[in-house]
Amino acid sequence: MHFIEFLNQRQNIEKTRNFNVFQNYTLDGIKLVFEHIQSSFDIKKPKPIRISVVGTNGKGSTSHYLACLFSKLGYNVGLYTSPHLLTPLERFQLVREGEPCLPNIEDVNLCFQTFFLADLQRYESLSYFEFLTAFAYRFFHEQSMGVEIWEAGLGGRLDATKLVEADYIVLTKIGLDHSEILGNTKEAICQEKLGITSDKTLSLFAFLEEVESLPESFHTRPKKETVPLHVISIPPKDSYLEINFLYAKSIVSNILKEQETSVSNIPFTSIRKPKGRMEVLSTKPIVVFDPSHNPDAIRTTSLEFANHHRKFHVVLGSLPDKDLAEILNALPEPNLENLILWEGEGFGRFPAPTGRLHERTMRRSSLPELVPLFQGEIPVLVLGSFRLYGIVANLIQNTIKM
């Protein structure tokens, strides 16, 4: 048995969207797995710097820039993110010279076969995400990473990445998403995400504008339990990616105390955008993909696109558990030429848009219906779900060949 085969046998909540499993969920089971893996570590290897990234929006891009910046400063970096766009190997990449690279599948299978295969029963009960997290924890150790960046999946208090016991916690933008699990207010969601801290946490980093989301309990804890808070103010920029880059840059500078580093001299343009974030999939017409999937993120991304394109189409597809009505309300109606609602298998069905948008909305659920869109001249912005990436990227590639 190989790694991918075993992984695909795990329960994948990202696909089933069966979040009821979290009602009585604890980390007790996977904690034993982490303790077993940690007991096998070579104690001669120096402990890496571990950073956990939690939040609602911007986790993936902030994690990407943290990893790339540390890499450009000479560190071997492991980058753990989720979900993936095309292959699960994207979730635990190795970053070299500022460039994330998929791990070699032979190295992945070797790690699986030499450490996991002989004791598979220990891992049988783990979910898809839990097993990936445990595997990456072992894999990064084998690859001798000097820095590990761990993007949390859902929440923080009960997220499997909590068990890496990061030295530093990075809080990104907080928004209302997965409210049925995390809470109905920004403060409640923030409190759940900050539950990722442990007694090994050295510092917490947060945007200045997010400080108001910090729960009151964070500020009123006994001094001996207080995690030092570093508040970072970033000036407004046209690109949310540049804001997250500057945020990451300030964090790296603070962690390394500028010790013989030139992180402040690394320009935004010297690091490639994270894949799938404001990614240009086609230039004729311009087609840009971003995985924004809640109202706050969709508002930010679509307004950013509107700064460059007066009129454009939006292809929007979201999963059924999202706030579909508020997502529609977040779109910049004056800029929309047409709104194409993708409602294929596994995607949610949107309520009827109101106002003038109602007349310019089309519902689509089969790939041939999208082809004319990618043969026209008007720019297209694709939003709403990571799952749309493969659908649209493959369709564009096939359309070009037609």
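**Helices and sheets, term by term**

Student: Why are α4 and α10 called oblique to each other?

Tutor: This is a predicted model. In it, α4 (residues 59–72) and α10 (residues 240–256) pack at an angle of about 50 degrees. Angles under 35 degrees count as roughly parallel, and 65 to 115 as roughly perpendicular. The angle of α4 and α10 falls in neither range, and therefore the two are oblique.

Student: What else describes a packed pair, besides the angle between the axes?

Tutor: The distance between the axes. For α4 and α10, the axes are 8 Å apart. Their crossing is right-handed.

Student: Which residues of α4 make the contact with α10?

Tutor: Ser61, Thr62, Tyr65, Leu66, Leu69 and Phe70. On α10, the contact residues include Tyr240, Asn244, Lys249 and Leu256.

Student: How many residues of each class does this contact have?

Tutor: By class, 13 are nonpolar, three are polar and one is charged.

Student: What makes β4 and β8 edge strands?

Tutor: The open sheet has eight strands, in the order β4-β3-β2-β5-β1-β6-β7-β8. β4 (99–101) and β8 (229–232) each pair on one side only. That makes them the edge strands.

Student: How do you know that β7 and β8 pair?

Tutor: Pairing needs at least two bridges. Four bridges join β7 (residues 203–207) to β8, so the test is met. These two strands run parallel. One of the bridges links Leu204 with Leu229 in β8.

Student: Where does α10 lie against this sheet?

Tutor: Across β1 (49–54), β6 (168–171), β7 and β8. Helix α10 runs at about 155 degrees to β7. Over 145 counts as roughly antiparallel, so α10 is roughly antiparallel to β7.

Student: What does the UniProt annotation say about residues 276–341?

Tutor: The unreviewed entry labels them "domain: Mur ligase C-terminal". In the model, this stretch is 27% helix and 30% strand.

Student: Which strands stand at the edges of the sheet β9-β10-β14-β11-β12-β13, and why?

Tutor: This is an open sheet of six strands with mixed pairing. β9 (279–283) and β13 (361–364) each have a single partner strand, so one side of each is left without a neighbour in the sheet.

Student: How do you know that β11 and β12 pair?

Tutor: Five bridges join β11 (residues 312–316) to β12 (residues 336–342). At least two are needed, so they pair. In β12, Leu341 is the bridge partner of Leu316.

Notes
Residues numbered from 1 in each chain as written. Predicted model: local features only at pLDDT ≥ 70, side-chain atom pairs only at ≥ 80, totals over all residues. Heavy atoms only, no water. Axes fitted to C-alpha atoms, helices over the stretch in contact; angles between N-to-C directions. Left-handed = near helix turned anticlockwise from the far one by under 90°. Contact = heavy atoms within 4.5 Å. Nonpolar A, V, L, I, M, F, W, Y, C, P; charged D, E, K, R; others polar. UniProt positions renumbered as here; feature names shortened; annotations may be inferred.
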